[in-house]
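Let's take a walk through this one together. Keep the viewer open and follow along as we go from strand to sheet to interface.

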Number of protein chains: 2
Amino acid sequence: MHPITIKEVLKGKLLLQDITINGWVRTFRSNRFIALNDGSTINTIQCVVDFEKFDEEVLKQISTGAALKISGTLVESQGRGQSVEIQVNDIHVHGTADPETYPIQPKKHSLEFLREKAHLRIRTNTFSAVMRVKSSLAFAIHKYFTENGFYYFHAPIITGSDAEGAGEMFRVTTLDDKNPPLTEEGTVDYKQDFFGKETNLTVSGQLEAEAYAMALGKVYTFGPTFRAENSNTARHLAEFWMIEPEMAFYDLNDNMDLAEDFIKNVIRYVLEHCKEDLEFLEKRLLDEEKSKPQAERSEMPLLEKLKFVTENNFKRVSYTEAIDILKNSKPNKKKKFQYPIEEWGTDLQSEHERYLVEKHFKCPVILFDYPAKIKAFYMRLNEDGKTVRAMDILFPGIGEIVGGSQREERLDILKQKMAALDIDEKELWWYLDLRKFGTAEHSGFGLGFERLVLFTTGMGNIRDVIPFPRTPQNAEF
Amino acid sequence: MHPITIKEVLKGKLLLQDITINGWVRTFRSNRFIALNDGSTINTIQCVVDFEKFDEEVLKQISTGAALKISGTLVESQGRGQSVEIQVNDIHVHGTADPETYPIQPKKHSLEFLREKAHLRIRTNTFSAVMRVKSSLAFAIHKYFTENGFYYFHAPIITGSDAEGAGEMFRVTTLDDKNPPLTEEGTVDYKQDFFGKETNLTVSGQLEAEAYAMALGKVYTFGPTFRAENSNTARHLAEFWMIEPEMAFYDLNDNMDLAEDFIKNVIRYVLEHCKEDLEFLEKRLLDEEKSKPQAERSEMPLLEKLKFVTENNFKRVSYTEAIDILKNSKPNKKKKFQYPIEEWGTDLQSEHERYLVEKHFKCPVILFDYPAKIKAFYMRLNEDGKTVRAMDILFPGIGEIVGGSQREERLDILKQKMAALDIDEKELWWYLDLRKFGTAEHSGFGLGFERLVLFTTGMGNIRDVIPFPRTPQNAEF
């Protein structure tokens, strides 16, 4: 049957038994100590070799990165730093890794260097820890929703609709790339394309989630979404994964309650299940920040920051209150903001969000009731006629991590809002149907998964928390 | 706080308490009995209205599809078919559903009709049951892998590689659709496209999964994949979700063991967690098949079929044995096969697979060790030099549900196979790196999620087990 993992072996239950494990060499010291890792845990197991017993030709093949099968006896360790080790009886070399050419050597590599080797960087402690935490977060998300009566559904990736307006889209086509067929009017004839119409990659599954919420009650998507925007920042990807819950009969307060409980819960889950990986990542971050000036370092070590989020209430502040705070803030008065806050109605920039979260409140913040003019057409208009029931959750160091709203469930008002924005009713006939037949108040939000991973792992660049990042001018692997 | 769901209420623990629920009217009989459903369960709760107490104008608005908030006392039911019911004190109509125009009336609609209303069909018993089962299957999959030490990772959706050869691909682009920029040679200049190269939608995350397995040990993907093939069948979609586990240090036998254990486990999970939905779907299937000739009906009712799969070993048969069986089979001798089996090396068609599974073995079958010529380049060559360590799992009524293999881990042989197929080494430089550095035996498979849902729900058309199907000439919603 399947070989046992190092994670299992390190639990120490197989003491004094003969076992066989597989893994990759992290280091080989003094022709005697092999530190072997198989990805099941951040820890290595020490395999002690009596080199006189082994063929020199075999020992020569053992270097960082080589894949080995090792049989031996599990014994209590003599050395420090581990409780058990293997007295090696047999070594089989699956595959070598020539030290002259293998790029992942046991020394510090820059994250930039490793991005060029995305297929191999996962063999480092940093990336394997990040990806194990990410996997655990994904499971925590499914577990949370399942236990709370939500149904998971798959929103379409290829969409024939471009009415969502969340951003620039990628076109999906099988037409001839150089000489596409043309209509009589001289435009590209998408009737001849695969789907018989122009299609794009989705920017959000929300509209479809609304259709499902209006039948199943509580649903969520967890899938890839796309933005064809030329944003080369540490927070943007052209392809990223989003979690979008949508709940019938929820108003904006229910929505905020859910979002906060959800985030706390999944972070609690990884604190419980990924302790060793998070401890490693905390140490990594401390090391990295040593070379930075004090003002740029994190206020808290990683684990403390995560616990802080799970244990404290998010501060809920209306947009109007936030504008007041910002208007009267020191950086605004001293003209330190690139975009000074002058009046109600202006959109908040990253610098303003960071000021609110990191300087003023010093905790996660939920901003709500934004001006209608700066938010999407589907958000519910308040009685005041000028704000909508929107909410954004802002996190320290990350900025916006959640964007959501109560949706406009009133057919007449929705139609007015669409008309004002020149959105064709024919494009969204089915979305309007949801308001014609059995409409009810409902709400939902979107959470960018990679931003949550950034926050949870303490990594600084979103390209380092997705296996093979897609950004402008980059679709390698 | 959040309103309670009907699923909770039906548990009966709130007997004699005043409660408030929300939902959609399924039926309203005798101006007295409202059957209300909120999607949390296939069951409705009966709400008993004393019509003399309510405004006629309110009662008039109550028809199939209307969204209501109902307050009342939970009491033991007098009628048959339910244990509890609500004595209604108050009704609020969230939204009406005009019986003249609302398409989902309480009568039998054809699946074809409902496909045109994919945003509303989820309000029927059939589709809500299918989608709840599907959601539960998805969770069972994540749970199984998590509990068995696998890490979930996201393979890229947009890919710059077209070397996988699993099928026709969709192009992803932001270039001008009518007048794309051209190179000096007159071809489209993809250097000017968003990613600086030609990109497509992925057909499989396997190659990337191999990179991750060769560091984390056991990994899996669960994400959308695409085929730009003009297949208008009941088993094909242009966009579908696939589960792809990949395991370092697993050979083909380990792979078969895992696949079988995995499928049995997730079906067991839904048998346990979706009993009411599956019972409904079983009854639906029996009704549907009543009009069919005996020979076309299912051999077993749905639940029995699912239990059969969980309780019996899959039959493992080599391709060579399978060819012998087929060659000597009645339909082959009587020339009933459209593609007669004449010699070793021929690819198996759907008719052959169905014969093996449904007529000969009458159980799920794992075929293994296929001719190298009819399988992909990355499958491990056997000692015989003519077969590869491939395996397909065939299911009754569905055909191929899993395709997998042990991968070719030997650099020299992999290069030879790529050369023979004219696959450019430069395209897959990183895939070859996995064999240069720390290579080891490894295996994996792909399971089409919607095909598993088809099998589990007893539905007949794959368009009915995905919310908004994408097929040739169809990308509505």
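**A tour from the sheet outward**

Start in chain B, where B:E246 stands opposite B:G444 in strand 16 of chain B. Keep in mind that you are looking at a predicted model. The pair belongs to an antiparallel pairing, built over five bridges, between strand 11 (residues 239-248) of chain B and strand 16 (residues 442-448) of chain B.

Now zoom out from those two strands. They are part of an open sheet of eight strands in chain B, ordered 6-10-11-16-15-14-13-12, and the pairing in that sheet is mixed. Its edges are strand 6 (151-152) and strand 12 (315-318) of chain B, each of which pairs on one side only. Lying across strand 6, strand 10 and strand 11 of chain B is helix 4 (residues 125-147) of chain B, and its direction runs at about 155° to strand 10 of chain B.

Chain A has its own open sheet of eight strands, written 6-10-11-16-15-14-13-12, again with mixed pairing. Here the edge strands are strand 6 (151-152) and strand 12 (315-318) of chain A, with each one pairing on one side only. At the strand 12 edge, strand 12 of chain A runs parallel to strand 13 (residues 365-371) of chain A, and four bridges link the two. If you want a residue to click on, A:V317 has A:L367 in strand 13 of chain A as its bridge partner. Helix 5 (residues 206-216) of chain A packs on this sheet, where it touches strand 6, strand 10 (218-226), strand 11 (239-248) and strand 16 (442-448) of chain A, and its direction makes about 30° with that of strand 11 of chain A.

How many residues of helix 5 of chain A are buried? The count is 11 of the 11, so the helix is largely enclosed by the rest of the structure. That list is not purely greasy reading: among the buried residues are A:Q206, A:E208, A:E210 and A:Y212, along with A:L207, A:M214 and A:L216. Right after the helix comes A:G217, with a positive phi near 90°. Flip over to chain B and look at helix 5 (residues 206-216) there: it is mostly covered, with 11 of its 11 residues buried. Its buried residues include B:Q206, B:E208, B:E210 and B:Y212. Just past this helix, B:G217 takes a positive phi of about 90°.

Next, the place where the chains meet. On the chain A side, 119 residues are in contact with 120 residues of chain B. Between them the two chains bury about 9,500 Å², and 65% of that is on carbon and sulfur atoms. In chain A, the residues that lose the most area to chain B are A:H154, A:F249 and A:F437, which together account for 8% of what that side buries.

For a close-up that spans both chains, go to B:P224 in strand 10 (residues 218-226) of chain B. Its contacts include A:I157, A:P224 and A:W241 from chain A, as well as B:I157, B:T202, B:F240 and B:W241 from chain B. Is B:P224 buried or exposed? Its relative accessible area is 2%, so B:P224 counts as buried. The C-alpha atom of B:P224 sits 6.6 Å from that of B:E239, although the two residues are 15 residues apart along the chain.

Another residue in chain B worth a stop is B:T456, found in helix 14 (residues 449-457) of chain B. B:T456 is buried because its relative accessible area is 0%. Which residues does B:T456 touch, leaving out those up to four places away in sequence? They are B:V133, B:L137, B:I267, B:V270, B:L278, B:L302 and B:L306. As for its polar side-chain atom, the backbone oxygen of B:L452 lies 2.6 Å from a polar atom of the B:T456 side chain.

Back in chain A, have a look at strand 5 (residues 84-95), which pairs in parallel with strand 3 (residues 45-48) of chain A over three bridges. Strand 5 of chain A also pairs with strand 4 (residues 67-76) of chain A, this time antiparallel and over 10 bridges. A:I86 takes part in both pairings: A:I86 is the bridge partner of A:C47, and A:L74 stands opposite A:I86 as well.

One last stop comes from a record. An unreviewed UniProt entry annotates residues 271-298 of chain A as a "coiled-coil region". In the model, that span is 68% helix and 0% strand, and its end C-alpha atoms lie 19 Å apart.

How values were computed:
Residues numbered from 1 in each chain as written. Chains lettered and ligands numbered in written order. Predicted model: local features only at pLDDT ≥ 70, side-chain atom pairs only at ≥ 80, totals over all residues. Heavy atoms only, no water. Buried < 20%, exposed > 50% of the residue type's maximum accessible area, 1.4 Å probe, protein only. Polar contact = N/O pair within 3.5 Å; in protein donor to acceptor, adjacent residues only side chain to side chain. Contact = heavy atoms within 4.5 Å. Pairing = 2+ DSSP bridges. UniProt positions renumbered as here; feature names shortened; annotations may be inferred. Axes fitted to C-alpha atoms, helices over the stretch in contact; angles between N-to-C directions. Buried area = accessible area lost by both parts, 1.4 Å probe.
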